[in-house]
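User: Hi, I'm new to this one and would like a friendly tour. Please start with any wording I'll need.

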Amino acid sequence: MTFPIKLSSIAWLGMFIFSVTLFECASPKIQQTTIGKAWSGNSVNTVIFRQAAIVSNDNIQITAYYNDSGQLILAKRNLPNGGWITVSTPFKGNIEDAHNSISLAIDGNGYIHLAWNHHDSALNYAISSSPMNLEFERLDRMIGDLEDKVTYPEFRLMPNGNLIFLYRNGASGNGQLVLNSFNKKEKIWQRTQSLLIDGEGLRNPYWQSYVSDAGRIHLSWVWRETWDASTNHDLYYIYSDDGGKEWKDYNNNPLTLPITKKTLSSIWNIPPNSSLINQTSMVADHNETPFIATYWREENKNVQYKIIYLKNGLWKKVDIPLISDNFQLGGGGTKKIPISRPQILVSANDSNRWYLLLRYDNHGNKIELLQTKNAGQSWVLKSLSNYNYGDWEPNIDEFLWRKRQKLHIFGLRVNQIDGEGVAKIPQDTLKIIEVSNLK
């Protein structure tokens with residue numbers, strides 16, 4: 001049975017009715033741990049493309065953030081309930097540019113990998129001196145070339161304990177996607193692809209990735225033609241089963257590299273000036289079915305969250321009628337946007353049960369979770385916090401979600417002024433919001 005439900009737990013700025021199908025579900029268990037004060041004057045600590053802000057292995061959890069002097073702080077605790085230990089590293093970042101995020105990884109031997117402070121700039125990379133140690137050795141190179149104009153560094157853990165490292169070489173509207181690989185046994189980085197996706201000096205890809213439990217690298221992206229976000233267009237998808245050496249399209253056809261705009265067709269046509277957001281999230285289920293979460297505006301409609309997924313060889317779209325007002329995405333720099341980019345999750349046990357983690361200013365900028373158990377036919381919205389998190393975007397501990405179905409969220413209130421502005425506000429308290437019993 002379908003009812004129009006007033007989401008009364010949300011602080012409304014306007015009235016909005018969201019039609020959902022009700023189903024019985026246990027209330028999630030939510031608790032918080034606090035770590036310390038973190039820089040809040042822009043969104044550099046919470047941008048979704050950090051990938052990842054929180055990482056774990058079986059016993060230890062680690063996170064990283066900047067304080068208001070730009071110092072990179074690391075925090076560590078024993079799972080599940082240990083107290084947080086913080087360490088001020090010798091590393092600093094230009095916190096006035098929200099692109100300069102921190103990315104973390106733990107390899108299969110327990111060494112922590114750290115990349116930070118990149119926006120068309122030289123590589124900053126360090127590795128811990130020993131497993132799970134918060135003392136680091138800073139290295140001036142991974143490979144030694146294509147490391148002078150790095151942006152959006154992203155580590156991904158492979159099932160064998162090795163790592164891959166993705167980053168943009170170049171600039172907005174003129175860039176390429178580079179892929180490196182780390183061998184945990186030999187403790188060395190190697191170049192896998194210098195030109196995986198090539199903007200040909202005319203455009204650049206903005207991507208999201210996911211590595212499945214079987215080791216398949218799923219990769220999707222939009223093209224941007226210039227520095228202006230309004231020129232984002234179309235959605236593409238490829239995958240690799242050999243660590244990134246060979247790539248195929250969704251029909252399992254081998255691809256010739258590098259991939260350019262001319263050599264691969266989109267999986268979903270989205271024209272420019274559609275308020276199509278870049279750098280969102282994607283996952284895959286146990287059948288290697290890819291799910292991509294994003295948002296854009298279709299003709300004569302509001303911007304809405306959408307999920308694109310592959311079913312029986314065809315791409316499907318699910319629209320989520322949540323957003324009650326409209327906005328136009330465009331311009332350069334980090335944007336102040338009334339909704340966060342979405343983090344999609346799929347249950348390890350049920351491929352029809354999906355979750356979207358998000359923030360919407362018309363709901364008081366709370367951290368919220370949309371969930372469905374019937375492949376997007378109906379949704380339930382839950383508020384995970386009563387706190388106003390400003391311009392926060394979701395980052396989670398992917399290990400805990402995938403292995404234990406526990407959702408640990410990096411929670412920090414931030415204020416992003418449009419176009420790389422900086423808000424004169426005090427630091428806020430960094431929290432890890434722990435959600436379990438999501439059934």
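Analyst: Happy to! On a 1 Å grid over the protein atoms alone, a cavity is a set of points where a 1.4 Å probe fits but cannot get out; a pocket is an open set with protein on both sides within 12 Å along at least five of seven lines, and lining residues have an atom within 4 Å of a point. Grid points are joined across faces, edges and corners, and a volume is the space filled by probe spheres set on the points.

User: Thanks. What kind of model is this, and what should I keep in mind?

Analyst: This is a predicted model, in which local features need pLDDT of at least 70 and side-chain atom pairs count only at pLDDT 80 or more, while totals for chains, interfaces and linings use all residues. Residues are numbered from 1 along each chain as its sequence is written, and side-chain values use heavy atoms, with hydrogens and water left out.

User: Good. How many cavities of 30 Å³ or more turn up in the whole structure?

Analyst: The search finds one cavity of that size, with a volume of about 30 Å³. Its lining is made up of Gln208, Val222, Leu235, Leu276, Ile277, Asn278, Gln279, Thr280 and Thr294.

User: How does the lining of that largest cavity split by class?

Analyst: There are four nonpolar residues, five polar and no charged ones. Here Ala, Val, Leu, Ile, Met, Phe, Trp, Tyr, Cys and Pro count as nonpolar, Asp, Glu, Lys and Arg as charged, and the others, Gly among them, as polar.

User: And how much space is in the second largest pocket?

Analyst: That pocket holds about 450 Å³. It is lined by 34 residues, and the closest to its centre are His99, Gly333, Thr334, Lys335 and Arg341. By class, the lining has 13 nonpolar, twelve polar and nine charged residues.

User: Zooming out, what is the secondary structure of the chain?

Analyst: The protein chain has one helix and 30 strands. These are DSSP runs numbered from the N terminus, with helices being H or I over at least four residues and strands E over at least two.

User: What about overall dimensions?

Analyst: The C-alpha trace spans about 60 × 50 × 40 Å along its principal axes. The radius of gyration is 20 Å, which agrees with the value near 22 Å for a compact globule with 439 residues. That radius is taken over C-alpha atoms, and the globule rule is 2.2 Å times the number of residues to the power 0.38. Also, 62% of the 439 residues count as buried, where buried means under 20% relative accessible area, exposed over 50% and partly exposed in between (1.4 Å probe, protein chains only).

User: Let's switch to rings. How many aromatic pairs are there?

Analyst: The whole structure has 27. Rings of Phe, Tyr and Trp (its six-membered ring) pair if their centres lie within 6.5 Å; planes under 30 degrees apart count as stacked, over 60 as edge-to-face and the rest as tilted. One of the pairs is Phe182 with Trp189, tilted, at 5.1 Å centre to centre and 50 degrees between the planes.

User: Are Phe182 and Trp189 buried or exposed?

Analyst: Phe182 is buried, at 3% relative accessibility, and Trp189 is buried too, at 10%. Another pair is Tyr309 with Trp354, edge-to-face, at 5.1 Å centre to centre and 65 degrees between the planes. This pair links distant parts of the chain: Tyr309 belongs to strand β21 (residues 303-311) and Trp354 to strand β24 (residues 354-358), 45 residues apart. Tyr309 counts as buried at 11% relative accessibility, as does Trp354 at 1%.

User: Which residues do ring pairs link into a cluster?

Analyst: The cluster contains Tyr125, Phe155, Phe165, Tyr167, Phe182 and Trp189.

User: Which ring does the charged end of Arg50 sit over?

Analyst: That is the ring of Phe410, with the charged end 5.1 Å from its centre. A charge sits over a ring if NZ of Lys or CZ of Arg is within 6 Å of the ring centre and within 35 degrees of the ring normal. Lys306 likewise has its charged end over the ring of Trp296, 5.1 Å from the centre.

User: Last topic: the backbone. What's usual for phi and peptide bonds?

Analyst: Most residues other than glycine have a negative phi, and most peptide bonds are trans. In this model, the bond from Leu79 to Pro80 is cis, with omega near 5 degrees, and Pro80 lies in the loop between β6 (71-78) and β7 (85-92). The bond from Leu257 to Pro258 is also cis, with omega near 0 degrees.

User: What phi does Gln51 have?

Analyst: Gln51 has a positive phi of about 35 degrees, although it is not a glycine. Gln51 is buried, with a relative accessible area of 14%, in the loop between β3 (29-38) and β4 (54-56). Glu420, not a glycine either, has a positive phi of about 75 degrees and is partly exposed at 21%.
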